[in-house]
Amino acid sequence: MRNKLIYWLIWVSVLGGILSGISIFSLSVGSAGIPVNQIIPLILEGKGTTEYSILFDIRLPRIILGFAVGGALSLSGVILQGMFRNPLVEPYTLGISGGAALGVCLNIIFHLYQTLGISTLPISGFLGAILVILLVYSLSIRKGILKIQGLLLTGVMISFISSSLIMFIMAISRTEDIHGIIFWIMGSLEETNWLLIKLAALISISGLFISYKFSIQLNALSLGEEEALHLGVNVERTKKILFVLASLLTGCSVSVAGIIGFVGLVVPHFLRIFAGSDHRILLICSFLSGASFLIICDTLARTIISPIELPVGVITGILGGCLFVYALSKRA
Amino acid sequence: MLELINLTCGYNSKFLLKDINIKVEKGELIGIIGPNGSGKTTLLRAITRVIKPEKGKILFEKKNIEKFNFKELAKKIAVVSQISTANVMTVEEFVLLGRIPHRRRLQFLETKLDEEIAHRAMDLTGTYNLKERFFGDLSAGEKQLVVIARSLAQEPELLLLDEPTSHLDIAHQVKILDLIKRLNKNGLTVIIVLHELNLASQYCNRLILLNNGTLHKCGSPSEVLTYQIIEEVYKTIVVVRENPISSKPYVFLVSEEERQKKGEMC
């Protein structure tokens with residue numbers, strides 16, 4: 001046991017180190033390069049300079065949001081894959097992203113954000129996500145039992161329905177609105193509202209803590225629901241709480257940052273291969289790696305052909321997909 | 001120890017088991033036999049609360065099992081089910097999962113005691129040398145032994161096994177049933193679902209024969225395994241003789257061709 005603990009601590013500290021390294025790197029690069037060794041003096045006494053405001057008003061918010069969203073998405077991916085015992089499940093499989101996107105679309109075409117303020121965009125996204133969660137949940141529950149397979153199928157169908165509705169809305173809306181919708185769907189970590197960023201980080205970290213309360217139950221569930229029951233796990237309660245937790249994490253991420261694909265699918269997979277399938281280590285490792293992955297992708301997205309900024313979802317897809325195919329072929 | 005009173009249950013209000021009454025005493029080794037679809041597994045699932053009784057009740061140590069919480073019950077009843085899923089977990093990690101019901105609140109790592117108990121369970125089942133191997137890489141026989149080790153790590157008072165010997169060669173069949181017999185001698189109460197009538201006859205003190213969801217016959221192997229009862233329940237012609245060494249009943253099958261030959265000769 002002692003060896004296991006040491007092994008786990010090494011993993012956590014290595015991944016934590018990588019995360020801080022990437023964050024510092026991301027702070028220093030950009031259209032105005034700030035050398036790494038100047039960052040600390042700038043933070044301490046640079047108040048008022050342009051570099052200071054670039055660091056604190058432009059780059060730091062993105063890094064914190066990348067940390068929150070990347071962490072939340074991979075955490076939600078680990079939980080769902082563990083619960084469904086299906087490695088292809090990801091946070092967006094359950095239709096939550098579709099619901100959020102639909103909410104934002106409706107907001108954009110009715111110009112609510114112009115009359116009520118730009119911060120209604122994440123709120124309408126979140127409402128859409130919640131609506132889908134409730135719908136999927138109530139459709140898959142029979143006699144108090146949450147049917148896992150039903151959950152998956154309903155989720156996939158709701159995804160299809162909402163993406164069709166989004167296309168319908170786009171077909172009948174004006175060009176400026178279409179631009180706004182597409183921009184949102186592609187996903188971005190650009191967010192100027194500090195309150196929203198802090199909230200996202202808070203939710204994401206509390207999600208990590210709550211998920212740890214269920215790490216043992218997740219280990220038992222990896223044997224199957226019936227076996228978990230034989231081991232004394234209250235399977236129904238666990239499934240319900242985990243589903244709601246994963247959904248809320250996804251809903252929050254999507255409504256703040258749009259649809260950033262692949263993080264929730266690839267990162268948990270990788271960590272399962274390298275760190276092992278024990279959820280006591282998998283949860284934290286996925287969280288840290290997801291955060292690092294999204295921050296580095298976002299840094300690439302805004303520097304690769306600067307000053308044009310690429311949608312971060314493009315980078316996560318290409319980078320994540322290639323890494324994943326490589327890892328799989330290497331393993332076989 | 002365990003008492004099933006007028007138990008009626010099934011899936012989606014289709015009743016598979018009707019009015020079952022069984023009383024299990026401490027220290028017994030009971031075999032449940034019966035044709036496919038007669039409700040053997042359903043009976044086990046009712047005892048482990050996977051399905052709820054529609055009528056009747058199940059008492060464990062004189063207390064209705066629905067009054068237990070899942071964790072309490074898992075400390076007393078362990079199950080070895082038919083399908084043990086393969087995954088990327090070492091044998092040791094797998095056996096340690098058996099300690100889950102004994103975990104305290106906010107316990108993060110396994111304790112020294114948990115490890116000792118898991119190691120003892122692996123010693124008992126002869127799987128200690130496999131402890132670093134991955135569960136998915138084991139043979140079917142080894143997997144079954146490891147699953148039994150996990151259930152022993154639960155330190156149960158009652159062990160339920162669902163066809164632990166199917167898909168295994170005779171060496172493993174005997175090895176596993178000998179192990180179960182040994183555990184039973186040491187005070188563990190065992191209920192075991194078996195397909196193979198001759199193994200059931202050889203190892204169990206008492207047999208319960210289910211047919212179409214009802215209890216057809218209950219008693220010692222020589223009371224239950226007569227050719228009349230088997231032919232009635234299984235609709236198959238058999239010959240029953242005594243095993244020369246154990247003097248327990250032994251069921252012989254006869255092929256259609258042989259039956260016809262015999263018929264011509266008479």
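Which loop of chain B is H167(B) found in? The loop is the one between β7 (158–162) and α6 (170–185) of chain B, and we come back to it in the last view.

A few reading notes before the close-ups. This is a predicted model, where local features need pLDDT of at least 70 and side-chain atom pairs count only at pLDDT 80 or more, while totals for chains, interfaces and linings use all residues. Residues are numbered from 1 along each chain as its sequence is written, and chains are lettered from A and ligands numbered from 1 in the order in which they are written.

**View 1. How confident is the predictor in chain A?**
The score here is pLDDT, the predictor's confidence in each residue, from 0 to 100. Chain A has a mean pLDDT of 87, with 99% of its residues at 70 or more. Among the elements of chain A, helix α14 (residues 279–303) has the highest mean, 94, and helix α2 (residues 36–45) has the lowest, 77. Helices (H or I, at least four residues) and strands (E, at least two) are DSSP runs, numbered from the N terminus.

**View 2. Where chain A meets chain B.**
Here 19 residues of chain A are in contact with 21 residues of chain B; two residues are in contact if their C-beta atoms, placed from the backbone, lie within 7 Å. On the chain A side, the elements that give two or more residues are α10 (215–221) and α11 (225–230) of chain A. The largest share comes from α11(A), with 4 residues. Sorted by class, that side of chain A has 8 nonpolar, 7 polar and 4 charged residues. For this count, Ala, Val, Leu, Ile, Met, Phe, Trp, Tyr, Cys and Pro are nonpolar, Asp, Glu, Lys and Arg are charged, and the others, Gly among them, are polar.

**View 3. Inside the largest nonpolar core.**
This core has 159 residues. A nonpolar core is a set of buried Ala, Val, Leu, Ile, Met, Phe, Trp, Tyr and Cys residues joined through C-beta atoms within 7 Å. Buried means that 20 or more other C-beta atoms lie within 10 Å of a residue's own; exposed means 12 or fewer, and partly exposed is in between, with C-beta atoms placed from the backbone. The residues with the most contacts inside the core include L65(A), V69(A) and A220(A), along with V95(B) and V146(B). Zoom in on L65(A): leaving aside neighbours within four places in sequence, L65(A) is in contact with L189(A), E191(A), I197(A), A200(A), V256(A) and A257(A).

**View 4. Chain B as a whole.**
Chain B has 10 helices and 12 strands. Its radius of gyration is 20 Å, close to the 18 Å that the globule rule gives for 266 residues, so chain B is as compact as a globular protein of that length. That radius is taken over C-alpha atoms, and the globule rule is 2.2 Å times the number of residues to the power 0.38. Of the 266 residues of chain B, 40% count as buried.

**View 5. A four-stranded open sheet in chain B.**
The order in this sheet of 4 strands is β2-β1-β4-β5 (chain B), with antiparallel pairing. Two strands pair if DSSP finds at least two bridges between them. The edge strands, β2 (14–24) and β5 (63–64) of chain B, each pair on one side only. Strand β1 (residues 2–11) of chain B pairs with β2(B) over 7 bridges, and 5 bridges join β1(B) to β4 (residues 55–60) of chain B. Follow E3(B) across: its bridge partner in β2(B) is K23(B), and E3(B) stands opposite L59(B) in β4(B). A hairpin with 2 residues between its strands links β4(B) and β5(B), and E61(B) in the turn has a positive phi of about 50 degrees.

**View 6. Parallel and antiparallel neighbours of β9(B).**
Strand β9 (residues 206–211) of chain B pairs in the parallel sense with β3 (residues 29–33) of chain B over 4 bridges, where I30(B) stands opposite R206(B). With β10 (residues 214–219) of chain B, β9(B) pairs in the antiparallel sense over 5 bridges. L209(B) has K217(B) as its bridge partner in β10(B).

**View 7. Two loop residues with positive phi.**
R85(A), in the loop between α3 (50–84) and α4 (96–109) of chain A, has a positive phi of about 50 degrees although it is not a glycine. R85(A) counts as partly exposed because it has 15 C-beta neighbours inside 10 Å. In the loop we opened with, H167(B) has a phi near 70 degrees. H167(B) has 12 C-beta neighbours inside 10 Å, so it counts as exposed.
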